Amino acid sequence: MSDLVPLTGEPLALDLVNTRPTVGELLATPEDLRAWVAMQAERLPGAPEKITATELAAVHAVREHAARALEHGRHGTRPSQTDLDALNEAQRSAPAISEVAWNGTGLTVTRRRGGSSAEQLAAWLAEATAELLADPAVTRIRQCEADDCVLLFLPAHPRRRWCSAARCGNRMRVARHYQRNRAG
């Protein structure tokens, strides 16, 4: 992965879209994707351990459709039918079932998906995108206000302006301080 660390902790669909910053590609190789999937392990059940170019291509395709659909969703406009169809097809290619099992003391339910590992990974990401698109909070998604940042976030506080206080917030505050002191 590049020197830029992916922003994580947002809804999974936003974390995926945010792997495409203004500079660089955070999912350029199967190894990059493997590292990102490892960061998201708790939110990607059954993610493949071996990541190949096939999984990478499937994730890139979902990411492109998710980015366009979320851009429309956050502005309250209708996403293209092509993007919605692609997200739905990704989910259909690896259908999910809830398996019930006895663990010795009680019943457990685990969601599993069929299909190849690439189809499964794409389906989990497409499902996360669909859930965010259907959530009324989608219209609260913001783009970072830093001059050179395109990352998206769902603010927990209405005054949040940056994707990360440590990443863009500090940089913008330092720049403002420099401008004030230089002008004076």
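**Exercise 1.** Is Asp 15 buried or exposed, and what is its relative accessible area? Describe its surroundings as well.

*Solution.* The model is a predicted one. Begin with the location: Asp 15 belongs to helix α1, which covers residues 12–17. Next, take the relative accessible area of Asp 15, which is 0%; because buried means under 20%, Asp 15 counts as buried. Then turn to the partners: when neighbours within four places in sequence are set aside, Asp 15 is in contact with Leu 7, Thr 8, Gly 9, Glu 10, Trp 36, Gln 40 and Arg 43. Finally, with Gln 40 there is a polar contact between the two side chains, at 2.9 Å.

**Exercise 2.** Determine which helices supply the largest nonpolar core, and place Leu 44 within it.

*Solution.* The largest nonpolar core holds 22 residues, and Leu 44 is listed among those with the most contacts inside it, together with Leu 33, Trp 36, Val 62, Leu 121 and Leu 125. At least two residues of this core come from each of α1, α2 (30–39), α3 (53–74), α4 (81–92) and α5 (117–134), and α5 provides the largest share, 7 residues. Looking beyond four places in sequence, Leu 44 is in contact with Leu 12, Trp 36, Val 37, Leu 121, Trp 124 and Leu 125. Apart from this core lies another, of 12 residues, including Val 17, Ala 67, Leu 132 and Leu 152.

**Exercise 3.** Identify the residues that make the nonpolar surface patch, and classify Trp 102.

*Solution.* Val 100, Trp 102, Leu 107 and Val 109 make a patch of about 500 Å², to which β1 (96–102) and β2 (107–113) each supply at least two residues. Trp 102 lies in strand β1, and its relative accessibility is 59%, so it counts as exposed.

Conventions. Residues numbered from 1 in each chain as written. Predicted model: local features only at pLDDT ≥ 70, side-chain atom pairs only at ≥ 80, totals over all residues. Heavy atoms only, no water. Helix = DSSP H or I, 4+ residues; strand = E, 2+ residues; numbered from the N terminus. Buried < 20%, exposed > 50% of the residue type's maximum accessible area, 1.4 Å probe, protein only. Polar contact = N/O pair within 3.5 Å; in protein donor to acceptor, adjacent residues only side chain to side chain. Contact = heavy atoms within 4.5 Å. Core = buried A, V, L, I, M, F, W, Y, C linked by side-chain atoms within 4.5 Å. Patch = residues over 30% accessible without salt bridge, like charges linked within 9 Å, V, L, I, M, F, W, Y side chains within 5 Å. Areas by Shrake-Rupley, 256 points an atom, 1.4 Å probe, with all protein chains shown as cover. Salt bridge = Lys/Arg side-chain N within 4 Å of Asp/Glu carboxyl O.
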